[in-house]
Amino acid sequence: MIYAVGVNHHTAPVTVRECLHLSDDEITDFLRGNTGTLFREAGIVSTCNRTELYAVPADDDVDGERLITELRRLRPEKELRDEHFFRLLHCGAVSHLHKVAAAIDSQILGDMQILSQVKHAWEVAADSGSVGNVFSHLFMGALHTGKRVRSETAIGIGAVSISFAAVELATKIFSDLHRKHVLIVGSGETGALASRHLLAKGVEHLSITNRTYENAVALADELRARVLRFESFPVALHEYDIVVSATSATEPVITYDMVKAAMRKRQNRPLLMLDLAVPRDIDPRVNDLGNVFLKDLDAIQSIIDQNLEQRRQEIPRAESIVTEEVVNFFLWYNTLEAAPTIAQLREKFEQVRTAEMDRFRNKIDPNSLDTVEMLTKRIINKLLHPTMVGIKKQAHDTSELSSRIQLVRDLFDLSEDEITDRSQSGSGT
Amino acid sequence: MLHFLNSVAEVLLPVGYVLTTFMYAMDFRNCTALSGTWKTRTLLATVTLHFLYIGMHTAEYGRCMVTTPFEIMSLIAFTLALTYTILELRTGERGTGVFILALATAFELVSAVVMKMPGSGQPNPVLSNMGVGFHVSFAIFGYAGFALGAMHGVMYLLMYRELKRGGFGSVYQNLPSLETLERMTVLSSLVGFVFLTVSMAIGIFSLPVVYDNFSYHDPKLIATGISWLIYAVMMVARYAMHVDGKSIVRIAIGGFVFALLSMTLVNAFLSDFHRFM
């Protein structure tokens, strides 16, 4: 049985999520300390939006509630309540991990950063020694699902944050941002964030202007940008292809006449103006000028809304990939039920072979003993092979597999009490 | 056998073009798994079939495919589709496909209709002259370049409108940047301009030789001259005067519309000696 318990953005507010966020060291300690006693296999995905424990319990006494109790012990001083935790069992748990990796359970739909976070969770669990055969397949399958969803659907396409949408807008006007000249008006938090995004996109000519010159210098030093005096930026406006304004001024700082004069000087070449301020910094009438593209926060938000809607339309395609991969996982998982029977069958054949070898050992030429040993082993392997393949053949449901296993047990008279748990034999191999 | 294969290809080609354009349109509107996977394959199959058809047609009739209106239009369709295929394979840019392929499909459909008209398959003996053959071939490539430039110009204006209005729909999502579209408009028009210039130069020398009634006052010569002038103005505006992209694409679209209309009207009603079809 596979369990998934934890908190995420569906079940708990950010204050709860952040207090259960676990570092790699904490995860390692938790997994090492509980592997073998609390669970046989386990992994923890801990990001800013979720802390989720996936586990195969060590015995029947361990259930979801017990796993939650152990998780809560990690933060005894915090007020973590039962209703903050979700509990998923087996098929639900496997399906959930696949959905997480496919980014359809993400707070920002299609945020593919989660794929690397799931991969990291698997690596941490593997280093902690809590990953066996089942979780190897589980995490590999989930990562495969995430990659398929990313490549076969458009769920990760289009910017869904203000700064990314602004940069996306710039790339719809200019083909190469490297050579474009960008002016940031205002050195506050928004201006700094926009500057960083533009620099990350390869902008090489960045200038910053601010009413308080020292603030502009401080930000420019940090970003290795040019500084332009606030009083001189209107006359230099024509030099810039992209202007981002984010000041706290109550009156427009960029007027219609300023832009009109600038457009004349720049021979009407396209000018993108992003007004990220509230109240707005740029006179809205500048959008009436040819080749001037003025976008304010509402316009950028509408890009985001449109992109999110497109992502939402991809959910059915992503979900069908998840279903396909979850079915594949369980087709494999169900064959684990046959593992104890196969081991028992092999052991029984080996006992017969050893007994017969012992009986005839004295009658065999000592020089040929090794050859006969090898010969009998080969015969047994050949006889067992079709039975093993037949029993492990993927079944459409567990009852079909169970009846197949029972048939083999009856035919070869294998005793019930020797059966070990299938998961136990599956783990660690 | 060759005749039979050509007949089959003549039916399959318009179907292939319509199907390809339909798939690109589907993909442009709302990317589906089917159109996303099959559109480029269908395009490649159609272009390959067209290429084979040109070869088979040349083999069957023993002359280049520039002697009848049907052949010329089919060749323009092929030039447009092939140019787009190369662009898509080299740059990975797929958003412009529906526009260019729609134009190619229009030419191929007109070609298929003209082909069925009585007497349309009769080649003009003048075209067996090497110089005239080159003249016509270069003119075809020239007009194909203008068509491609105009289509990119239309896309530029659509994108410009979308950016100004703030609609951010399929056009915004699928088309490349304004700067790229402007560059493609100018480049295609420049290629067309060079080919038309060469075609005119060859025509000036070869046409008086094959036509006894050659005249510089022929309406088609005048119309072609005006088309050439429009594109010459466009090149000067772009490269010498650095006029903005929107004005440039308007000239490119205007130039193509003028060339198309003037050629249609002149061919139908006015041209004197200068008729190949």
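A polar contact here is a pair of N or O atoms within 3.5 Å; within protein, one atom must be able to donate a hydrogen and the other to accept it, and residues adjacent in sequence count only if both atoms are side-chain atoms. By that rule, chain A and chain B share 18 residue pairs in polar contact, with both residues at pLDDT 80 or more. This is a predicted model, in which local features need pLDDT of at least 70 and side-chain atom pairs count only at pLDDT 80 or more, while totals for chains, interfaces and linings use all residues. Residues are numbered from 1 along each chain as its sequence is written, chains are lettered from A and ligands numbered from 1 in the order in which they are written, and side-chain values use heavy atoms, with hydrogens and water left out.

Several parts of chain A make up its side of the interface. Helix H7 (162–171), strand S10 (292–296) and helix H12 (297–313) of chain A each bring at least two residues to the side that touches chain B (helices, H or I, of at least four residues and strands, E, of at least two are DSSP runs, numbered from the N terminus). H12(A) chips in the most, with 7 residues. Sorted by class, this side of chain A has 8 nonpolar, 12 polar and 7 charged residues (Ala, Val, Leu, Ile, Met, Phe, Trp, Tyr, Cys and Pro count as nonpolar, Asp, Glu, Lys and Arg as charged, and the others, Gly among them, as polar).

As for area, about 2,000 Å² is buried between chain A and chain B, and carbon and sulfur atoms give 42% of it (buried area is the accessible area, with a 1.4 Å probe, that two parts lose on being put together, summed over both). On the chain A side, Lys172(A), Ser175(A) and Phe293(A) lose the most area to chain B, together 29% of what that side buries. There is 1 salt bridge between the chains, and it pairs the side chains of Lys180(A) and Glu179(B) at 2.7 Å, N to O (the rule asks for a side-chain nitrogen of Lys or Arg within 4 Å of a carboxyl oxygen of Asp or Glu).

Disulfides, meaning pairs of cysteine sulfur atoms within 2.5 Å, come to 0 over all chains. Cys19(A) is in none, as the nearest cysteine sulfur, in Cys48(A), sits 14 Å away. Cys19(A) is buried at 14% relative accessible area, whereas Cys48(A) is exposed at 57% (buried is under 20%, exposed over 50%, partly exposed in between, with a 1.4 Å probe and protein chains only).
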